[in-house]
Amino acid sequence: MTALSSKNCTSQYQFHQSQQPLDASCLLFLIILAKVLLNILILRVRRKDTCWTFMEYFCFSVAFVDLLLLVNISILTYFRDFVVLGIRFTKYHICLLTQIISFTYGYLHYPVCSLACIDYWCNLSRATQHSFRWQKLLYFLTVILTWISVLAYVLGEPTISVSLKTHRAYVYQCPSYVSTQSHWLSLSMLMVLFVAFLISWQGVVALLQAMRIASYKNKAVLYFPFPPHSGYTVSSRKVLLPRLIVCFLGTWFPFVALQVLVISLRVQIPAYIDMNVPWLYFVNSFLIAAVYWFNSHKLYLRGSTLPVDPFINWKCCFVPVHRLKQVERPMAVIIC
């Protein structure tokens with residue numbers, strides 16, 4: 001009786017052991033599938049009348065890499081064990097591929113934000129625009145070079161290589177890398193927003209009370225009060241800051257609240273989830289607002305030198321009230 005019970009326990013343990021990697025791979029498939037669908041949704045609802053920037057190209061590249069990861073996980077999960085060109089692929093490669101993508105995503109935050117900031121700063125500073133075709137080619141090559149550089153660093157870093165080889169022996173364990181870059185970047189942006197709100201909270205409150213809703217070119221907009229003789233430039237950073245805060249929080253407040261919650265609860269989000277299209281567009285809007293504030297004396301609306309945000313129409317921060325034409329009865333409320 002004892003031997004039979006021991007045998008039954010052993011068979012049950014082997015059964016649960018064999019089911020564990022299947023459950024893990026299915027869970028990973030569902031997570032990546034949800035992320036791919038979210039990426040597609042955000043890319044569909046964004047404004048289409050925007051000029052292409054480095055961040056736009058990189059957002060599409062992240063969506064493509066996520067889709068490619070989903071396809072590879074699906075193939076490896078379905079066939080389980082197969083050989084291609086003399087190379088044997090098993091379910092272990094699902095974990096290996098996910099870890100490599102996680103490390104790559106985790107080290108991309110700082111380079112991407114730096115390149116996007118440089119892109120917006122240069123576009124705002126120069127008086128003339130380069131050829132649209134050459135600019136698109138430059139963005140495309142920069143995105144490809146960024147991916148290759150970070151991937152080469154990940155594969156060549158001794159610490160990461162040791163980590164990948166260490167977990168190779170544990171088929172049922174697939175630890176996820178949590179990016180410190182994402183954590184510090186999110187914390188820095190929240191601190192900047194908090195300090196900016198403390199500095200200009202009176203202006204923000206007054207602005208919210210004085211805002212008006214109108215229809216401009218068949219679109220509902222919120223515009224801010226301007227002095228009667230204001231021109232096309234905003235020379236005072238103190239005046240511009242409340243407008244930028246209202247525009248930014250009016251669009252991204254739910255995402256800001258989510259970031260506060262994640263940091264407060266110290267939630268460990270894997271890097272392959274943390275790097276996503278909504279997060280990139282959130283950072284994109286923050287960078288554009290920061291560049292506007294630092295270059296407030298260069299903001300002109302006569303030309304198309306302003307960086308274009310797919311989710312926030314920053315023009316309402318600078319258009320004087322007496323310049324708005326075709327003001328009709330408002331039909332909806334849209335935050336900038």
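I118 is partly exposed, with 49% of its relative area accessible. This residue sits in helix α4, which covers residues 109-125. In this predicted model, the C-alpha atom of I118 is 9.7 Å from that of F54, even though the two residues are 64 places apart along the chain.

Stepping back from that one residue, the overall build is a mix of 10 helices and 4 strands. Going along the sequence, the elements come in the order α-α-β-β-α-α-α-α-α-β-β-α-α-α. Of the 336 residues in the protein, 41% are buried. Contacts also reach across the chain: among those between residues at least 6 apart in sequence, 82% link residues at least 24 apart. As for the outside, the accessible surface adds up to about 19,400 Å², and carbon and sulfur atoms account for 67% of it.

Now for the inside. The largest nonpolar core contains 62 residues, and the ones with the most contacts within it are F58, Y105, F248, L280, F282 and W314. F58 gives a feel for how these residues meet: leaving out residues up to four places away in sequence, F58 touches L108, V112, V143, W147, M275 and L280. There is also a second, separate core, made up of 7 residues, with A196, V204, L241 and I245 among them.

Nonpolar residues turn up on the surface too. W134, L137, F140, L141, I144 and I148 together make a nonpolar surface patch of about 630 Å². One of these, L141, belongs to helix α5, which takes in residues 132-156. L141 counts as partly exposed because its relative accessible area is 48%, and the range for that label runs from 20% to 50%.

Charged pairs come next. The structure holds 2 salt bridges. In one, D66 pairs with K35, and their closest N and O atoms are 3.2 Å apart. D66 is part of helix α2 (residues 54-79) while K35 is part of helix α1 (residues 2-45), so this pair ties together parts that lie 31 residues apart in sequence. Both partners are tucked away from the surface: D66 is buried at 0% relative accessibility, and K35 is buried as well, with a relative accessible area of 6%.

The other salt bridge joins R46 and E56, with the closest N and O atoms 3.0 Å apart. Here R46 lies in the loop between α1 and α2, and E56 lies in helix α2, so the pair ties together parts that are 10 residues apart in sequence. R46 counts as buried, at 9% relative accessibility. E56 is buried too, with a relative accessible area of 3%.

What about a charged residue that is buried but has no such partner? D274 is buried and has no salt bridge. The nearest side chain of opposite charge belongs to K35, and that is 8.7 Å away. A salt bridge needs the nitrogen and oxygen atoms to be within 4 Å, so this pair does not qualify. D274 is found in helix α9, which spans residues 271-274. Setting aside neighbours within four places in sequence, D274 is in contact with H109, S182, I269 and W279.

Technical notes
Residues are numbered from 1 along each chain as its sequence is written. This is a predicted model: local features need pLDDT of at least 70, side-chain atom pairs count only at pLDDT 80 or more; totals for chains, interfaces and linings use all residues. Side-chain values use heavy atoms; hydrogens and water are left out. Helices (H or I, at least four residues) and strands (E, at least two) are DSSP runs, numbered from the N terminus. Buried means under 20% relative accessible area, exposed over 50%, partly exposed in between (1.4 Å probe, protein chains only). Lys and Arg count as positive and Asp and Glu as negative; His and the chain ends are not counted. Contact means heavy atoms within 4.5 Å. A nonpolar core is a set of buried Ala, Val, Leu, Ile, Met, Phe, Trp, Tyr and Cys residues joined through side-chain atoms within 4.5 Å. Patches are made of residues with over 30% relative accessible area and no salt bridge: like charges are joined within 9 Å, nonpolar side chains (Val, Leu, Ile, Met, Phe, Trp, Tyr) within 5 Å. Accessible areas come from the Shrake-Rupley method with a 1.4 Å probe; for residues, only the protein chains shown count as cover.
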